[in-house]
Amino acid sequence: MGSWDTDHLYGIDPRTWSVAEEIAAPGKPYGIASFDGGLSVVVSVGDDDDRYLYRVTPGRGFDLASKTACPDFTGSHLAADGTALYLCQQGKQRILVLDRGAAVQREIALPTRCAGFGFGAAGESFMISGDDELENLALARFNLRESTPAVAPIAAIPFDARSLAFDGTTWWTSHREASEIVAFAV
């Protein structure tokens, strides 16, 4: 998990909920995804809030030489499907499909703002969908294979959720205002 308050990433031991590793980030960490043998992390750098992708290796930290500007210097959430990295540009209401070199392969327009997204057990795509103010949040299904996917809400989310991850059995998000991690099933 990443913290804006400390500009650190924290490896959490899921058995004890204790911090197993702490890594200083070169700015405010946003999205994190396991990709290509390590972690890819969106980091906000500087007063202009420019966003960059970095590679992180647990046990070694950030590879500062891997710093790659996000398209238009914007990006928030990340997900990966094993072959590509998906970068959400929340304000632009789109997801960009990136190759291993972070080159844009495809743009996917979204009909709503996205407060997090991920892939389920069968490769299905899920997102936290919201209105222009990122309120009225809902967990929703959508198909990333479509150029402009329809978003099908599943359930309302009654708190300020950000980020979405699936560990193979459980979904995870954060309750931003309460500084809590939330587990749930679809």
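**Exposure, ring pairs and salt bridges**

Biologist: Why is Glu 124 called partly exposed?

Modeller: Its relative accessible area is 37%. Buried requires under 20% and exposed over 50%, so a value of 37% places Glu 124 in between, as partly exposed. The model is a predicted one.

Biologist: What makes the contact of Glu 124 with Arg 141 a salt bridge?

Modeller: The closest N and O atoms of Glu 124 and Arg 141 are 3.1 Å apart. The rule asks for a side-chain nitrogen of Lys or Arg within 4 Å of a carboxyl oxygen of Asp or Glu, and the pair therefore qualifies. Glu 124 is in the loop between β12 (113–119) and β13 (125–130), and Arg 141 in strand β14 (residues 138–142), so the pair links distant parts of the chain, 17 residues apart.

Biologist: How do you know that Arg 141 counts as partly exposed?

Modeller: Its relative accessible area is 35%, which is neither under 20% nor over 50%; Arg 141 is therefore partly exposed.

Biologist: What joins Asp 72, Lys 92, Arg 94 and Glu 107 into one network?

Modeller: These residues are joined by salt bridges that share partners. By the rule, the structure has ten salt bridges.

Biologist: What makes Asp 7 and Lys 28 a salt bridge?

Modeller: Their side chains meet at 3.5 Å, N to O, and the limit is 4 Å; therefore the contact counts. Asp 7 lies in the loop between β1 and β2 and Lys 28 in strand β4, with their positions 21 residues apart in the chain.

Biologist: Why do Asp 7 and Lys 28 count as partly exposed?

Modeller: Asp 7 has 24% relative accessibility and Lys 28 has 33%. Each value falls between the 20% and 50% limits, so partly exposed is the term for both.

Biologist: Why is the pair of Trp 4 and Tyr 30 called tilted?

Modeller: The structure holds seven aromatic pairs, and this is one of them. The centres are 4.8 Å apart, within the 6.5 Å limit. The planes meet at 40°, whereas stacked needs under 30 degrees and edge-to-face over 60; the pair is therefore tilted. Trp 4 lies in the loop between β1 (2–3) and β2, and Tyr 30 in strand β4 (residues 28–35), so the pair ties together parts that are 26 residues apart in sequence.

Biologist: What makes the pair of Tyr 54 and Phe 62 edge-to-face?

Modeller: The ring centres of Tyr 54 and Phe 62 lie 5.7 Å apart with planes at 80°. An angle over 60 degrees counts as edge-to-face, so the term applies.

Biologist: How do you know that Tyr 54 and Phe 62 are buried?

Modeller: Tyr 54 has a relative accessible area of 4%, and Phe 62 has 14% relative accessibility. Both values are under 20%, so both residues are buried.

Biologist: Why is the charged end of Arg 51 said to sit over the ring of Tyr 30?

Modeller: The charged end of Arg 51 is 3.8 Å from the ring centre of Tyr 30. The distance limit is 6 Å, and the charge must also be within 35 degrees of the ring normal. The distance is therefore well placed against the first limit, and the contact is listed as sitting over the ring.

Methods
Residues are numbered from 1 along each chain as its sequence is written. This is a predicted model: local features need pLDDT of at least 70, side-chain atom pairs count only at pLDDT 80 or more; totals for chains, interfaces and linings use all residues. Side-chain values use heavy atoms; hydrogens and water are left out. Rings of Phe, Tyr and Trp (its six-membered ring) pair if their centres lie within 6.5 Å; planes under 30 degrees apart count as stacked, over 60 as edge-to-face and the rest as tilted. Helices (H or I, at least four residues) and strands (E, at least two) are DSSP runs, numbered from the N terminus. Buried means under 20% relative accessible area, exposed over 50%, partly exposed in between (1.4 Å probe, protein chains only).
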